[in-house]
Structure formats: structure tokens, C-alpha cells
Amino acid sequence: MSQSVNRAIIIGHLGRDPDLAARREGEGKIASFGVATSETWTDRASGERREKTQWHRVVSFNDHLSGVIERRCQKGTLVYVEGHLETRKWTDQQGQDRYVTEIIIDRFDGNLKVLANGRSTGDGRFDEERPSRSAAQRPAPATTSSAQDVDDEIPF
């Protein structure tokens with residue numbers, strides 16, 4: 001029995017505003033965008049900080065998520081993306097075969113979460129557009145009135 005897993009999970013920033021296109025069937029939209037993920041390290045030989053950025057092409061065929069992407073995502077938005085990898089092949093105008101590998105978020109097995117909205121503030125951070133919950137909105141933690149309320153006997 002042979003089993004395999006095709007799963008991709010990334011967290012990164014959108015490199016530009018998403019592209020939205022109508023489906024051929026006429027229902028819903030397809031959203032596509034690029035996400036940058038970076039890793040940093042200190043070079044042992046020189047002691048300098050190094051950074052490597054990878055770009056990932058993401059396509060959403062999920063109508064609901066495409067609407068969320070249209071409303072909430074823009075260049076600089078931090079997103080969590082979960083989907084599967086798929087490679088497409090096409091022939092360009094010069095007759096050359098071209099390939100692209102994308103992370104596909106489809107109707108059944110994909111997920112996208114907006115972690116932080118906003119554009120860069122210029123200092124490497126991103127403004128968050130979602131309001132934070134104030135102390136008045138947060139639920140109060142549950143407390144016990146006395147030590148006698150705690151039952152020492154566990155029934156198992």
C-alpha cells in the first residue's frame with residue numbers, strides 16, 4: 001500500500017496586491033498572489049546577518065476565501081496559507097514549455113488566515129488594521145471563592 005501527502009503550509013507577507021479574476025463558469029472569483037517567506041542567520045565566517053527570501057505563488061479556488069482575500073489582503077499583509085502543491089505546464093508564445101508550481105487553496109482542503117493587515121510602516125513592521133480587544137471587552141478570568149470549593153476526590 002502506497003500513501004503520500006501533498007501539503008504546504010507557509011506564513012509570510014504578500015509581495016503585492018492580489019489579482020482577482022472571474023471563473024470561466026461565471027460563479028465566484030479566483031484569487032492569486034505571491035507570498036514571501038524569509039529566513040535569517042548569522043554567517044559563521046564573517047559574523048554578518050544574512051537573509052534568504054523565497055517567493056511562493058498561491059491560488060485560491062475557494063469562493064469564500066477569494067472574497068476574504070479581496071476585502072482584507074493587500075501588499076504587506078501577513079497570512080497563514082495551507083493548501084497543496086500543484087505544477088502547471090503551458091507553452092509560451094515562442095513555443096517553449098513553461099512550468100509553475102503553486103500552492104492551491106481549493107474548496108475542500110485549503111485554509112487562509114489573515115494574521116496582520118496593513119502596509120509597511122517603513123521600519124520593517126506592518127500596521128495592523130484590526131482593533132485589539134480592550135480590557136473592558138475581555139472576559140474576566142474564572143476564580144474560585146475558596147479552597148473548600150475544590151473537590152479533592154477525582155472519580156476515575
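This is a short viewer tour of a predicted model, from the whole chain down to single residues.

**Whole chain**

Start with the full chain in cartoon view. Its secondary structure comes to one helix and seven strands. Read from the N terminus, the order is β-β-β-β-α-β-β-β. Now colour by burial. Of the 156 residues, 27% count as buried. Switch on the surface. The chain exposes about 11,800 Å², and carbon and sulfur atoms supply 48% of that area. For a contact map, take pairs with a separation of 6 or more. Residues 24 or more positions apart account for 57% of those contacts.

**The nonpolar core**

Next, select Phe-33, Val-35, Val-58, Val-81 and Leu-112. These residues have the most contacts inside the largest nonpolar core, which has 16 residues. Which elements each supply at least two residues of this core? Show β1 (8-14), β3 (29-42), α1 (63-72), β5 (78-91), β6 (97-105) and β7 (111-116). The helix is therefore on that list together with strands. A general tendency applies here: in soluble globular proteins, nonpolar side chains tend to be buried together.

**Val-35, inside the core**

Zoom in on Val-35, in strand β3. Is Val-35 buried or exposed? Its relative accessible area is 0%, so Val-35 counts as buried. Leave out residues up to four places away in sequence and display what remains in contact. Val-35 touches Ile-10, Gly-12, His-13 and Leu-14, and also Gln-54, Trp-55, His-56, Val-58 and Val-79. Now draw a distance to Val-81, 46 residues along the chain. The two C-alpha atoms are separated by 9.1 Å.

**The largest pocket**

Hide the core and turn to the largest pocket. About 320 Å³ of space lies in it. Select Ala-22, Arg-24, Ile-30, Val-59 and Phe-61: of the 13 lining residues, these are the closest to the pocket's centre. Colour the lining by type. The lining divides into six nonpolar, one polar and six charged residues. Then colour by element. β2 (19-22), β3, β5 and β6 each supply at least two lining residues.

**His-84, on β5**

Move to His-84, in strand β5. His-84 counts as buried because its relative accessible area is 14%, under the 20% cut-off. Beyond four places in sequence, its contacts are Asn-6, Arg-7, Glu-102, Ile-103, Ile-104, Asp-106 and Asp-109. Among them is Glu-102, 18 residues away in sequence. From C-alpha to C-alpha, His-84 and Glu-102 are 8.1 Å apart.

**Arg-50, on β4**

Select Arg-50, in strand β4 (residues 49-60). With a relative accessible area of 32%, Arg-50 is partly exposed. That class applies because 32% lies between the 20% and 50% limits. Apart from neighbours within four places, Arg-50 is in contact with Glu-39, Thr-40, Trp-41 and Asp-43. Label Thr-40, which is 10 residues away along the chain. Its C-alpha atom and that of Arg-50 are separated by 5.5 Å.

**Asn-117, after β7**

Last stop: Asn-117, in the segment after β7. Is Asn-117 buried or exposed? At 4% relative accessibility, Asn-117 counts as buried. Add His-13 to the selection. How far apart in space are Asn-117 and His-13? Their C-alpha atoms are 9.7 Å apart, across 104 residues of sequence. His-13 has already appeared on this tour, among the contacts of Val-35.

Definitions and conventions:
Residues are numbered from 1 along each chain as its sequence is written. This is a predicted model: local features need pLDDT of at least 70, side-chain atom pairs count only at pLDDT 80 or more; totals for chains, interfaces and linings use all residues. Side-chain values use heavy atoms; hydrogens and water are left out. A nonpolar core is a set of buried Ala, Val, Leu, Ile, Met, Phe, Trp, Tyr and Cys residues joined through side-chain atoms within 4.5 Å. Buried means under 20% relative accessible area, exposed over 50%, partly exposed in between (1.4 Å probe, protein chains only). Helices (H or I, at least four residues) and strands (E, at least two) are DSSP runs, numbered from the N terminus. Contact means heavy atoms within 4.5 Å. On a 1 Å grid over the protein atoms alone, a cavity is a set of points where a 1.4 Å probe fits but cannot get out, and a pocket is an open set with protein on both sides within 12 Å along at least five of seven lines; lining residues have an atom within 4 Å of a point. Grid points are joined across faces, edges and corners, and a volume is the space filled by probe spheres set on the points. Ala, Val, Leu, Ile, Met, Phe, Trp, Tyr, Cys and Pro count as nonpolar, Asp, Glu, Lys and Arg as charged, and the others, Gly among them, as polar. Accessible areas come from the Shrake-Rupley method with a 1.4 Å probe; for residues, only the protein chains shown count as cover.
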